[in-house]
Amino acid sequence: MSGRRSLVWLGLTPEPERELPPAVAALRTRAPDTAALPPRTAAAERRRVESLILRGSRRSWLRYLAEVTALVTSVADGSLPGDRTAALLAGEVVLDHHRMLIGLPGSGYDRTAADRRALEQAVRALRTATAPPASGPEPTLTQGGRR
């Protein structure tokens, strides 16, 4: 192996860099929603992500995403309070990222298998809990199957 650092993990997708900082900041601070989050809190999380991308490694990036996974699953199962919408967004972004690891060399996809399973369950629970109510009553069928 050469002494060069592999950067292939950086080419997956820009969504984590763009979408995770405000959602993760809300989850870390237990803010009721991202609108209640002080701007400097999201900015600090953005700097952390930026630092991981510019100076981190695949291993440190996956460790960060494992932290996010723990926050998301804790909100989803109710063991921690938090913004369920932010948890859903973060969960979907990390789950998509982890699914794309299958196309990269190395053990990243295998290493994230448990997190993928946990995120799939959490995202399912969060989608159910945050789904908007149906508008209006369900139509009823009359005799003969007509409305």
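How many salt bridges does the count come to? The count comes to five, and this tour will stop at some of them. Keep in mind that you are looking at a predicted model.

**Stop 1: the whole chain**

Start with a cartoon view of everything. You should find six helices and zero strands, so-called α-α-α-α-α-α when read along the sequence. The chain has 147 residues, and 35% of them are buried. Now switch on the surface: the accessible area is about 9,000 Å², with 53% of it belonging to carbon and sulfur atoms. Take contacts between residues at least 6 apart in sequence: 67% of these join residues at least 24 apart.

**Stop 2: helix 2**

Select residues 39-55, which form helix 2. Try the distance tool on the C-alpha atoms at its two ends, which are 24 Å apart. Why does that agree with expectation? At 1.5 Å a residue, the 17 residues of this helix should span 24 Å.

Next, colour Ala42, Glu45, Val49, Leu52 and Ile53, the buried residues of helix 2. They cover an arc of only 100° around the axis, so they sit on the same side of the helix. A general rule helps here: an α-helix has 3.6 residues a turn, so residues three or four places apart point the same way.

Pick a second colour for Pro39, Arg40, Arg47, Leu54 and Arg55. These exposed residues are on the face of helix 2 turned away from its buried side. To see what covers the buried residues, show helix 1 (15-29) and helix 3 (58-76), which are included in that cover.

**Stop 3: the nonpolar core**

Show the side chains of Leu20, Leu27, Tyr64, Val68 and Val72. Within the largest nonpolar core, which has 33 residues, these have the most contacts. Helix 1, helix 2, helix 3, helix 4 (84-100) and helix 6 (113-130) each supply at least two residues of this core. Which helix gives the most to this core? Helix 3 does, with nine residues. In soluble globular proteins, nonpolar side chains tend to be buried together.

Zoom in on Leu20 for a closer look. Leaving aside residues up to four places away in sequence, Leu20 touches Glu15, Ala25, Tyr64, Leu65, Val68, Ala90, Val93 and Val94.

**Stop 4: a network of charges**

Finally, select Arg28, Glu45, Arg48 and Glu67, which are linked in a network of salt bridges. Follow it one pair at a time.

- Begin with Arg28 and Glu45, whose side chains meet in a salt bridge at 3.0 Å, N to O. The pair links distant parts of the chain, with Arg28 in helix 1 and Glu45 in helix 2, 17 residues apart.
- Move on to Glu67 and Arg28, which form a salt bridge at 3.1 Å, N to O. Here Glu67 is in helix 3 and Arg28 in helix 1, 39 residues apart.
- End with Arg48 and Glu67, joined by a salt bridge at 3.0 Å, N to O. Arg48 lies in helix 2 and Glu67 in helix 3, so this pair ties together parts that are 19 residues apart in sequence.

Before you leave, turn the surface back on. Is Glu45 buried or exposed? Glu45 counts as buried because its relative accessibility is 6%, under the 20% cut-off. Arg28 is partly exposed, with a relative accessible area of 30%. Glu67 is also partly exposed, at 31% relative accessibility, and Arg48 counts as partly exposed at 31%.

Notes. Residues numbered from 1 in each chain as written. Predicted model: local features only at pLDDT ≥ 70, side-chain atom pairs only at ≥ 80, totals over all residues. Heavy atoms only, no water. Helix = DSSP H or I, 4+ residues; strand = E, 2+ residues; numbered from the N terminus. Buried < 20%, exposed > 50% of the residue type's maximum accessible area, 1.4 Å probe, protein only. Contact = heavy atoms within 4.5 Å. Areas by Shrake-Rupley, 256 points an atom, 1.4 Å probe, with all protein chains shown as cover. Expected span 1.5 Å × (residues − 1). Arc of directions from axis to C-beta. Core = buried A, V, L, I, M, F, W, Y, C linked by side-chain atoms within 4.5 Å. Salt bridge = Lys/Arg side-chain N within 4 Å of Asp/Glu carboxyl O.
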